[in-house]
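Okay everyone, thanks for coming. Let's take a walk through the structure on the screen and see what we can read from it.

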Amino acid sequence: MSAQATAGVSMTQAQGCLVITLQADLTDEAFGGVHRAVTERLVESQLDAAIFDFSGVQILDAYEFDRFARLARVAGLLGARVVLVGLTPGIAAFLAHADVDTEGMRFCLQMEDAFALLARRQT
């Protein structure tokens, strides 16, 4: 297992997936660095799965979610199957009521569920 941290966001390779552990409140500049780091890591490692872990995020607005959603779509365009994990009930309710576009995204409550989902889809 290898890990890398960029602007408070850590990336770890586990069970054949790139796990990106997120925090909210990243500046646009810091998020740009995270975006570059994630895409470079996916290309270099040739991993075909990515998990965006929101379990440490307590507050997330629509703008912040949209930035992460766009990054998840870029990861998908690079060939990675993407799962978002660990949204709190409050964040999930906010995103649903704010009519945020989650079309085509896969969500799991826990990391183990995400690994199991990605393992099933691999076979």
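Before we start, one bit of vocabulary: a residue is called buried when its relative accessible area is under 20%, exposed when it is over 50%, and partly exposed in between. And keep in mind that this is a predicted model.

Let's try those words out on a pair of residues. Is D28 buried or exposed? Its relative accessible area is 54%, and the exposed class starts over 50%, so D28 is exposed. Now look at R67, which has 5% relative accessibility and therefore counts as buried. The side chains of these two, D28 and R67, meet in a salt bridge, with 2.8 Å from N to O. D28 sits in helix α1 and R67 in helix α2, so here we have a link between distant parts of the chain, 39 residues apart.

How many salt bridges are there in total? The count comes to four. Let me show you two others.

R81 and D48 also meet through their side chains, at 3.3 Å from N to O. Find R81 in strand β5, then D48 in the loop between α1 and β4; because of where they sit, this pair ties together parts that are 33 residues apart in sequence. R81 counts as buried at 16% relative accessibility, while D48, at 32%, counts as partly exposed.

Then there's R73 with D101, a salt bridge at 3.7 Å, again N to O. R73 belongs to helix α2 and D101 to the loop between α3 and β6, and the two are 28 residues apart. Both partners are partly exposed: R73 has a relative accessible area of 35%, and D101 has 49%.

Hang on to R73, since we meet it again in the largest pocket. About 160 Å³ of space lies in there. The lining includes R73, along with A69, A72, G76 and L77, and further on V82, L84, E103 and M105, among others. Which elements give two or more residues to that lining? Those are α2, residues 62-77, and β5, residues 81-85. The largest share comes from α2, with five residues. As for chemistry, the lining divides into seven nonpolar, two polar and three charged residues.

Now let's go inside. In soluble globular proteins, nonpolar side chains tend to be buried together. Here, the largest nonpolar core has 32 residues, and I20, F52 and F54 touch the most other members. Several elements give two or more residues to this core, including β2, β3, α1 and β4, and also α2, β5 and α3.

Zoom in on F52 for a second. What is F52 in contact with, leaving aside its neighbours within four places in sequence? The list is I20, L22, L71, A72, V82, V83, L84 and V85. You've already met A72, as one of the residues that line the largest pocket.

There's another core apart from that one. This second core has 13 residues, among them A49, V85, M111 and L117.

Next stop, I51, in strand β4. Its relative accessible area is 0%, and buried means under 20%, so I51 is buried. Not counting residues up to four places away in sequence, I51 touches C17, L18, V19 and I20, then V83 and V85, and finally M111, A114, F115 and L118. If you want a feel for distance, compare I51 with A92: they are 41 residues apart in sequence, and their C-alpha atoms are 17 Å apart in space.

Last thing, two residues with a backbone angle to look at. Which sign does phi have at Q46? Positive, near 55°, in a residue other than glycine. Q46 is in the loop between α1 and β4, and at 68% relative accessibility it counts as exposed. D99 also has a positive phi, near 55°, and is likewise a residue other than glycine. You'll find D99 in the loop between α3 and β6, and at 68% relative accessibility D99 counts as exposed.

That's the tour. Happy to rotate the model if anyone wants to see something again!

How values were computed
Residues numbered from 1 in each chain as written. Predicted model: local features only at pLDDT ≥ 70, side-chain atom pairs only at ≥ 80, totals over all residues. Heavy atoms only, no water. 1 Å grid on protein atoms, 1.4 Å probe; cavity = no way out; pocket = protein on both sides within 12 Å on 5 of 7 lines; lining within 4 Å. Points joined across faces, edges and corners; volume = space filled by probe spheres on them. Helix = DSSP H or I, 4+ residues; strand = E, 2+ residues; numbered from the N terminus. Nonpolar A, V, L, I, M, F, W, Y, C, P; charged D, E, K, R; others polar. Core = buried A, V, L, I, M, F, W, Y, C linked by side-chain atoms within 4.5 Å. Buried < 20%, exposed > 50% of the residue type's maximum accessible area, 1.4 Å probe, protein only. Contact = heavy atoms within 4.5 Å.
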